[in-house]
Amino acid sequence: MALVAGLADLAVSGLSSTLSGVSGLLRRADLGDLLTEGQEETKARGRLVLDRYAAASPAHLEVLARTVTGRGQTESSGG
């Protein structure tokens, strides 16, 4: 999911300018390393996009505390 969001962000922010240097990249000897780095960077961009636009989920400990508090109130009221 992060990879897809990163690719979308990359496309919006200037995919055409990125593709202009593809011919130079294809002649490089370390193309595999560059592809790996590019994939990791794209995933990182995707995570940033998802964090920016995704709804924040409640903190785990906060949910747990509310659950425990709710149980304590139910038991003390005779439920």
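**Entry 1. Secondary structure**

I counted the elements and found 5 helices and 0 strands in the chain. Reading along the sequence, I noted the pattern α-α-α-α-α. I record here that the model is predicted.

**Entry 2. Burial and surface**

I looked up the burial of the chain and found that 9% of its 79 residues count as buried. For the surface, I noted about 6400 Å² exposed by the chain, with 60% of this area supplied by carbon and sulfur atoms.

**Entry 3. Helix α1**

I turned to helix α1, which spans residues 2–12, and listed Ala 2, Ala 5 and Gly 6 as buried there. These residues lie on the same side of α1, because they cover an arc of only 100° around the axis. I then asked which element the buried residues of α1 pack against. The partner is α4, residues 31–53.

At the other end of my reading of this helix, I noted that Gly 14 follows α1 and has a positive phi, near 130°.

**Entry 4. The α1 and α4 pair**

I noted the general scheme before taking the values: two packed helices are described by the angle between their axes and the distance between the axes. For α1 and α4, I found that the axes come within 6 Å and cross at roughly 90°. The crossing makes α1 roughly perpendicular to α4, since angles of 65 to 115 degrees count as such.

I next listed the residues that meet between the two helices. On the α1 side I wrote down Ala 2, Leu 3, Ala 5, Gly 6, Leu 7, Asp 9 and Leu 10. On the α4 side I wrote down Gln 39, Thr 42, Lys 43, Arg 45, Gly 46, Arg 47, Val 49 and Leu 50. Ala 2, Ala 5 and Gly 6, which I had entered as buried, are among the α1 residues in this list.

**Entry 5. Met 1**

I located Met 1 in the segment before α1. Is Met 1 buried or exposed? I entered Met 1 as exposed, because its relative accessible area is 76% and the cut-off for exposed is over 50%. I also looked up the separation of Met 1 and Leu 50: their C-alpha atoms are 8.6 Å apart, while the two residues are 49 residues apart along the chain. Leu 50 is also one of the α4 residues that meet α1.

**Entry 6. Salt bridge**

I searched for salt bridges and found 1 in the structure. It joins the side chains of Glu 62 and Arg 66, at 2.5 Å from N to O. Both residues lie in helix α5, residues 60–76, where they are 4 residues apart, about one turn of the helix.

I then looked up the accessibility of the two partners. Glu 62 counts as partly exposed, because its relative accessibility is 38%. Arg 66 is exposed, with a relative accessible area of 59%.

Terms used. Residues numbered from 1 in each chain as written. Predicted model: local features only at pLDDT ≥ 70, side-chain atom pairs only at ≥ 80, totals over all residues. Heavy atoms only, no water. Salt bridge = Lys/Arg side-chain N within 4 Å of Asp/Glu carboxyl O. Buried < 20%, exposed > 50% of the residue type's maximum accessible area, 1.4 Å probe, protein only. Areas by Shrake-Rupley, 256 points an atom, 1.4 Å probe, with all protein chains shown as cover. Arc of directions from axis to C-beta. Contact = heavy atoms within 4.5 Å. Axes fitted to C-alpha atoms, helices over the stretch in contact; angles between N-to-C directions. Parallel < 35°, antiparallel > 145°, perpendicular 65-115°, else oblique.
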